[in-house]
Amino acid sequence: MLATSNPIVKCSVDQCTHYMPGDQCMAAKISVYSNAETGTSQSSSDTQCRSFHHRKTIGDMVGALHNANVGGAITAGFMDGTQITPNVECFVHSCRHWESGNYCHASSIAVSGSNASKTTDTDCQTFESKN
């Protein structure tokens, strides 16, 4: 079973199908990974949100529905101040917020990726090296 945690997610990756105005993420779950080539991360630019799904067409939006936080989106739409908060699983073992079981124990995370068109264009800005 994969472990997840629930920090507040602020996402500015506006080219993602899960992006909602106000820098919110409508994904049910996001997965943060280290650099795929090296398998490690030394800075936030070495991390990536693997839940990124490039929004180009209506087909992309439909294709991303399997990971949509529909309940959170409805609640946020009707309750002022409610944050859509996806579960977060983190595989970046070199981050000080990473805990055994692939939990992220940061109280909030920021995901960025200006003009992202692929997963590697995204970063977890909350990454802090354990070293």
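Me: A contact here means heavy atoms within 4.5 Å. Among contacts in the protein between residues at least 6 apart in sequence, what percentage join residues at least 24 apart?

Reply: The figure is 64%. Before we go on, please note that this is a predicted model, in which local features need pLDDT of at least 70 and side-chain atom pairs count only at pLDDT 80 or more, while totals for chains, interfaces and linings use all residues. Residues are numbered from 1 along each chain as its sequence is written, and side-chain values use heavy atoms, leaving out hydrogens and water.

Me: Thanks! How many helices and strands does the protein have?

Reply: There are 2 helices and 10 strands, taken as DSSP runs numbered from the N terminus (helices are H or I, at least four residues; strands are E, at least two). Their order from the N terminus on is β-β-β-β-β-α-α-β-β-β-β-β.

Me: How do you know that strand β1 is joined to strand β9?

Reply: Two strands pair if DSSP finds at least two bridges between them. Strand β1 (residues 8-11) and strand β9 (residues 108-112) share 4 bridges and run parallel, so they pass the rule. One of the partnerships sets I8 against S108 in β9.

Me: And what makes β9 and β10 a pair?

Reply: Here 2 bridges link β9 to strand β10 (residues 123-124), running antiparallel, and this meets the "at least two" rule. V111 stands opposite C124 in β10.

Me: Why is the aromatic pair of Y33 and F91 called stacked?

Reply: Rings of Phe, Tyr and Trp (its six-membered ring) pair if their centres lie within 6.5 Å; planes under 30 degrees apart count as stacked, over 60 as edge-to-face and the rest as tilted. Y33 and F91 are 4.5 Å apart, centre to centre, with 25 degrees between the planes, so both tests are met and the pair is stacked. The two residues are 58 apart in the chain, Y33 in strand β4 (residues 29-34) and F91 in the loop between β6 (87-90) and β7 (98-99).

Me: How do you know that the charged end of R50 sits over the ring of Y33?

Reply: The rule asks for NZ of Lys or CZ of Arg within 6 Å of the ring centre and within 35 degrees of the ring normal. The charged end of R50 is 4.0 Å from the centre of the Y33 ring and sits over it.

Me: What makes E89 and K29 a salt bridge?

Reply: A salt bridge is a side-chain nitrogen of Lys or Arg within 4 Å of a carboxyl oxygen of Asp or Glu. E89 and K29 meet at 3.7 Å, N to O, so they qualify. E89 lies in strand β6 and K29 in strand β4, so the pair ties together parts that are 60 residues apart in sequence.

Me: Is E89 buried or exposed?

Reply: Buried means under 20% relative accessible area, exposed over 50%, partly exposed in between (1.4 Å probe, protein chains only). E89 has 3%, so it is buried, whereas K29 is partly exposed because it has 30%.

Me: What makes R96 and E128 a salt bridge?

Reply: Their closest N and O atoms are 2.7 Å apart, so the 4 Å rule is met. R96, at 48% relative accessibility, is partly exposed, as is E128 at 35%.
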